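Biologist: Could you take me through this chain, please? I would like to begin with the overall layout and then turn to particular residues.

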Amino acid sequence: MIIGVLQIELRIHDAQSLKDKRRVVHSVKDRLHREHQVSVAEVASQENCTLAVLGVALVASDATYCRSVLDRIVTKLHPGRGYELGDHKIDLIPSH
């Protein structure tokens with residue numbers, strides 16, 4: 001079993017309030033969950049209305065598959081609507 005973890009930063013354009021930020025973050029989280037069957041949560045910078053840090057998790061039996069799903073997510077998020085993709089990091093954790 002492999003646990004894939006992706007951490008991504010989204011710089012949110014034109015957000016004037018946390019409500020504006022939540023609208024963008026909620027849309028991204030729902031889309032990723034629906035299209036890739038991954039778990040998604042905002043994990044840092046909750047009080048910053050122009051930056052969101054999301055954690056994405058996936059459990060799979062194959063590391064290659066896990067990595068490919070997380071890479072596709074990064075590629076899909078690159079041209080965002082209302083946000084810009086910042087730094088991202090992928091970790092694959094083997095289970096014993």
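Modeller: What follows is a discussion of a predicted model.

Biologist: How many helices and strands are there in the protein chain?

Modeller: The protein chain has 2 helices and 4 strands. Along the sequence they come in the pattern β-α-β-β-α-β.

Biologist: What is the radius of gyration of the protein chain, and what would a compact globule have?

Modeller: The radius of gyration is 13 Å, which agrees with the value near 12 Å for a compact globule of 96 residues. Along the principal axes, the C-alpha atoms fill a box of roughly 45 × 20 × 20 Å.

Biologist: What share of the residues is buried?

Modeller: Buried residues account for 34% of the 96. The accessible surface of the chain is about 5900 Å², and carbon and sulfur atoms contribute 50% of that area.

Biologist: Turning to the interior, which residues of the largest nonpolar core touch the most other members?

Modeller: They are L6, L32, V38, V56, I73 and L77, out of 26 residues in that core. At least two core residues come from each of β1 (2–12), α1, β3 (51–60), α2 (63–77) and β4 (83–94). Helix α2 gives the most, with 6 residues.

Biologist: What does I73 touch, leaving out residues up to four places away in sequence?

Modeller: I73 touches L6, L32, V38 and V56, and also H36.

Biologist: Let us look at H36, then. Is H36 buried or exposed?

Modeller: H36 has a relative accessible area of 12%, so it counts as buried, the limit being under 20%. This residue belongs to helix α1, which covers residues 18–36.

Biologist: Which residues does H36 touch, with the same sequence neighbours left out?

Modeller: Beyond four places in sequence, H36 touches V69, I73 and K76. With K76 there is also a polar contact between the two side chains, at 3.4 Å.

Biologist: And Q37, what is notable about its phi?

Modeller: Q37 is not a glycine, although its phi is positive, at about 55 degrees. Q37 sits in the loop between α1 and β2 (39–44). Its relative accessibility of 57% makes Q37 exposed.

Biologist: A change of topic: how many salt bridges does the count come to?

Modeller: The count is 6 salt bridges. In general, side chains of opposite charge can pair when their charged atoms come close.

Biologist: What is the N to O distance between E42 and K21?

Modeller: The side chains of E42 and K21 form a salt bridge with an N to O distance of 2.7 Å. Because E42 lies in strand β2 and K21 in helix α1, the pair ties together parts that are 21 residues apart in sequence.

Biologist: Which relative accessible areas do E42 and K21 have?

Modeller: E42 is partly exposed at 22%, while K21 is buried at 2%.

Biologist: How far apart in sequence are R67 and D71?

Modeller: R67 and D71 are 4 residues apart in helix α2, so about one helical turn separates them. Their salt bridge has its closest N and O atoms 3.4 Å apart. R67 is partly exposed, at 38% relative accessible area, and D71 is partly exposed too, at 32%.

Biologist: Finally, with which residue does E9 form a salt bridge?

Modeller: E9 pairs with R11, the closest N and O atoms lying 3.7 Å apart. E9 is partly exposed at 22% relative accessibility, and R11 is partly exposed at 36%.

Terms used:
Residues are numbered from 1 along each chain as its sequence is written. This is a predicted model: local features need pLDDT of at least 70, side-chain atom pairs count only at pLDDT 80 or more; totals for chains, interfaces and linings use all residues. Side-chain values use heavy atoms; hydrogens and water are left out. Buried means under 20% relative accessible area, exposed over 50%, partly exposed in between (1.4 Å probe, protein chains only). A polar contact is a pair of N or O atoms within 3.5 Å; within protein, one must be able to donate a hydrogen and the other to accept it, and residues adjacent in sequence count only if both atoms are side-chain atoms. Contact means heavy atoms within 4.5 Å. A nonpolar core is a set of buried Ala, Val, Leu, Ile, Met, Phe, Trp, Tyr and Cys residues joined through side-chain atoms within 4.5 Å. The radius of gyration is taken over C-alpha atoms; the globule rule is 2.2 Å times the number of residues to the power 0.38. Accessible areas come from the Shrake-Rupley method with a 1.4 Å probe; for residues, only the protein chains shown count as cover. A salt bridge is a side-chain nitrogen of Lys or Arg within 4 Å of a carboxyl oxygen of Asp or Glu.
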